[in-house]
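The questions below concern a predicted model. Each is followed by a short worked answer.

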Amino acid sequence: MNKKRSLARIALIVCPILAMWALYSLLTPNGLVANNMRIALAGFVALMAHGCYRAWKHLHKENELSEVEETERKLQNVQSLSGFLSVFFNPKDMRFRTMASIFIILCIGDTKAFWFFLGLLIVIKGALFIQYYRYWKAYQKLSIANAQHEALIEKMRFLADCPSTYIAPTKSEDVSNMFAEARQRGQKEGFIPILLYVDEYLYSSILTNLGINEDEDVDIDKIRAKRKELISNASSEEGKKWLDNRLQEIKNSIQEEKDSQNTIKQLWGEPTNEASSQLTLFAFDEETTKHLLLAEVPVTEAWQLLAWFPFGDWNDCPPCEDIINISKYWYDTYNATPACLSCDSIEITVDKPIDEELSLALAEKQYAFCPDVVEQGLETIQALADYLRKSTVWFFWWD
């Protein structure tokens, strides 16, 4: 801003001097080839007068937009190429008023200088044209993306079928406090909050697991019936049984290998006390959060959140019915509460870290549930056990 104001002050000095020079040449019979360029000089005087006006206006209006800012603002509302061309080639804009001044050179009679400056002007305005065109196309893409994002937010809020708040990217500390407040308030008002990433893949996954095809209209009554069915059919015993069976399958598969002992040693590892702790959601690990939806779900037990937003059944991720059963088992056993869902991860919180004597058995079951937590994360089951002894957040991610 200071640089622009300095240039405006310089213009208030230079423009009047040039205007007086041109006016003297215009009105004085013996002035500089005045007879050959009276029209050009008159135009030049008008240009300098307008330059004085623009400089004065800039100095006295703090919030005035620059020529570039004015043009960019106009381009934000342009939808077609013809509209873009009409904005860019508007003869009223300052960037094209300066073109008139080079014709003074032609009136003087120096054609070589005229063509040089005209060519230079075309290069400069061409570069400006490319800059504005790129800005316009980028803004079009941004506008389309924003419209699609707003539509996705509304679809997810409709799918949530409960009070929900969209949270634009903001300070993680603020969102963490908001989520903690919602949990406290939910105890009085009869709901349990959960954070959902605003993500097309998560939306599609939930919709599919609720038995809705994306190509058809979303039937909220059908969704409510499916949620009720998932909750009523959930079984803690089946959840424990699935984990035990899956863990046994893994052990049996390893036993069939030639070097099974080495595989077991590498996978389980040695007892360790070097794992880091996690006491806040991974969603809050960065300074700024992603786009989130805070849903206040009217359920009585936290495991039911994963029946309200069923998740899973791709690659190594278990089907949603098994995830719900496992969630119920962990809720009954550890008071484990689902807290955050993304398109490929679940975050669950517990009141306190797991006791040492229970940590290895739980780590084995968590590996059976989500192998990537070890194989692409902590590397060994013993390291996962150490993590569970220090953390109140369980994180599950499927590649």
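Q: Is Ala168 buried, partly exposed or exposed?
A: Ala168 has a relative accessible area of 35%. Buried means under 20% and exposed means over 50%, with partly exposed in between. Ala168 is therefore partly exposed.

Q: Which residues is Ala168 in contact with, leaving aside its neighbours within four places in sequence?
A: Ala168 sits in the loop between β1 (164-167) and α8 (172-189). Its C-alpha atom is separated by 5.0 Å from that of His291, although the two residues are 123 apart along the chain. With sequence neighbours within four places left aside, the contacts of Ala168 are Thr289 and His291.

Q: Which helix gives the most to the largest nonpolar core?
A: The largest nonpolar core has 82 residues, and Phe309, Trp330 and Trp394 are those with the most contacts inside it. The helix that gives the most to this core, with 7 residues, is α14 (residues 320-334).

Q: How many residues does the second, separate core have?
A: This second core includes Val78, Phe88, Leu128 and Tyr132. Its residue count is 8.

Q: Why is α15 oblique to α17?
A: Helix α15 (residues 356-369) and helix α17 (residues 381-390) pack with their axes 8 Å apart, at an angle of about 125°. Angles of 65 to 115 degrees count as roughly perpendicular and those over 145 as roughly antiparallel. The angle of about 125° fits neither range, so α15 is oblique to α17.

Q: How many nonpolar, polar and charged residues does the contact of α15 with α17 have?
A: Residues meeting here include Leu360 and Tyr367 in α15, and Leu384 and Arg389 in α17. By class, the contact has 8 nonpolar, 3 polar and 3 charged residues.

Methods
Residues are numbered from 1 along each chain as its sequence is written. This is a predicted model: local features need pLDDT of at least 70, side-chain atom pairs count only at pLDDT 80 or more; totals for chains, interfaces and linings use all residues. Side-chain values use heavy atoms; hydrogens and water are left out. A nonpolar core is a set of buried Ala, Val, Leu, Ile, Met, Phe, Trp, Tyr and Cys residues joined through side-chain atoms within 4.5 Å. Buried means under 20% relative accessible area, exposed over 50%, partly exposed in between (1.4 Å probe, protein chains only). Helices (H or I, at least four residues) and strands (E, at least two) are DSSP runs, numbered from the N terminus. Axes are lines fitted to C-alpha atoms, for helices over the stretch in contact, and angles run from 0 to 180 degrees between N-to-C directions. Angles under 35 degrees count as roughly parallel, over 145 as roughly antiparallel, 65 to 115 as roughly perpendicular and the rest as oblique. Contact means heavy atoms within 4.5 Å. Ala, Val, Leu, Ile, Met, Phe, Trp, Tyr, Cys and Pro count as nonpolar, Asp, Glu, Lys and Arg as charged, and the others, Gly among them, as polar.
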